[in-house]
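Reader: Please take one part of this model and go through it closely, staying with what can be checked against the coordinates. Give the cut-off behind each term as you use it.

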Amino acid sequence: MAATSDPPLTPLRWWEIEELLPIEQELFGDEQWSAAMFWSELAQSDSRWYRVARSELGELVGYVGVCVYGADQAWIQTLGVRRDSQRRGLGGGLVSAAIDHARSAGVPQLALEVRADNADAQRLYARHDFDVIGVRRGYYQPSGVDALVMAREFAAADRQ
């Protein structure tokens, strides 16, 4: 399917959490984040950056969250695209936005964890220059699936 133009991203607001949860359930099942987890993330606004994407009809179709840990590292905390909006370039747009945010924070690395059995997500991250740097055995619970740790390095000249 051809990529569509990226919808504008807006900050995730507390009142949008309930709208986001069905996407979490659809994508992550028993390992989904709870409303409380999203609330906790939003409460840490000094280090957290969360954005949502909406369709032309105004429906929430995707989201991404980044945590910047000091001057050394940033992590993509979560990223999701509603299944009926996948394979249209939105996931790539969310990853690009996360990269831009990390780069603007001046960190040398942006990392993430991805399920070892999610080849589509791994390919998405690899297309954005993320490399596997480690494995967290049994990371996802309750399934016990391993997480691959992937990271993208930023050269000093690339950081803003």
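Author: V64 has L79 as its bridge partner in β4. On the β2 side, V64 in β3 is the bridge partner of R51. Strands here (E, at least two residues) and helices (H or I, at least four) are DSSP runs, numbered from the N terminus, and two strands are said to pair if DSSP finds at least two bridges between them. The model is predicted: local features need pLDDT of at least 70 and side-chain atom pairs count only at pLDDT 80 or more, while totals for chains, interfaces and linings use all residues. Residues are numbered from 1 along each chain as its sequence is written, and side-chain values use heavy atoms, with hydrogens and water left out.

The pairing of β3 and β4 is antiparallel and extends over eight bridges. V66 stands opposite I76 of β4. Three residues lie between the two strands in their hairpin, where G70 takes a positive phi near 60°. On the other side, β2 and β3 run antiparallel and are joined by seven bridges; their hairpin has five residues between the strands, and G58 takes a positive phi near 90° there. β3 is mostly covered, with nine of its 10 residues buried; buried means under 20% relative accessible area, exposed over 50%, and partly exposed in between, for a 1.4 Å probe and protein chains only. β4 is also mostly covered, with seven of nine residues buried.

L94 in helix α3 brings the helix to this pair of strands. Its C-alpha atom is 6.2 Å from that of V64, although the two residues are 30 apart along the chain. L94 has 0% relative accessibility and therefore counts as buried. Apart from neighbours within four places in sequence, L94 is in contact (heavy atoms within 4.5 Å) with L9, G62, Y63, V64, L79, G80 and V81. Both members of the V64 and L79 bridge are in that list.

From β4 the path leads on to β5. These strands run parallel and are joined by three bridges, and I76 has L112 as its bridge partner in β5. β4, α3 and β5 form a right-handed β-α-β unit: with the strands pointing away from the viewer, the path from the first strand over the helix to the second runs clockwise.

The whole sheet is open and has seven strands in the order β1-β2-β3-β4-β5-β7-β6, with mixed pairing. β1 (9-11) and β6 (131-136) are at the edges with a single partner strand each, so one side of each has no neighbour in the sheet. From one strand to the next the twist averages 30°. Angles run from 0 to 180 degrees between N-to-C directions, with axes as lines fitted to C-alpha atoms, for helices over the stretch in contact. Helix α2 (residues 35-43) lies across β2, β3 and β4 at about 120° to β2, and α4 packs on the sheet by touching β4, β5 and β7, its direction making about 165° with that of β5.

In α4 (residues 119-127) the buried residues are A121, Q122, L124 and Y125. Seen down the helix axis they fall within an arc of 160°, so they line one face of α4; the arc is that of the directions from the axis to the C-beta atoms. These residues pack against β4 (73-81), α3 (90-105), β5 (109-115) and β7 (147-153). Q122 counts as buried because its relative accessibility is 19%. Beyond four places in sequence, Q122 is in contact with V114, R115, A116, D117, L148 and M150. Just after the helix, D129 takes a positive phi of about 70°.

A nonpolar core is a set of buried Ala, Val, Leu, Ile, Met, Phe, Trp, Tyr and Cys residues joined through side-chain atoms within 4.5 Å. The largest one has 28 residues, and those with the most contacts inside it are V66, I76, L110, Y125 and F130. β2 (48-54), β3 (60-69), β4, α3, β5, α4 and β7 each supply at least two of its residues, and α3 gives the most, with seven. Among the residues L110 touches, not counting those up to four places away in sequence, are V66, I76, A98, F130 and M150. A second, separate core has 13 residues, including I17, W33, F38 and Y50.
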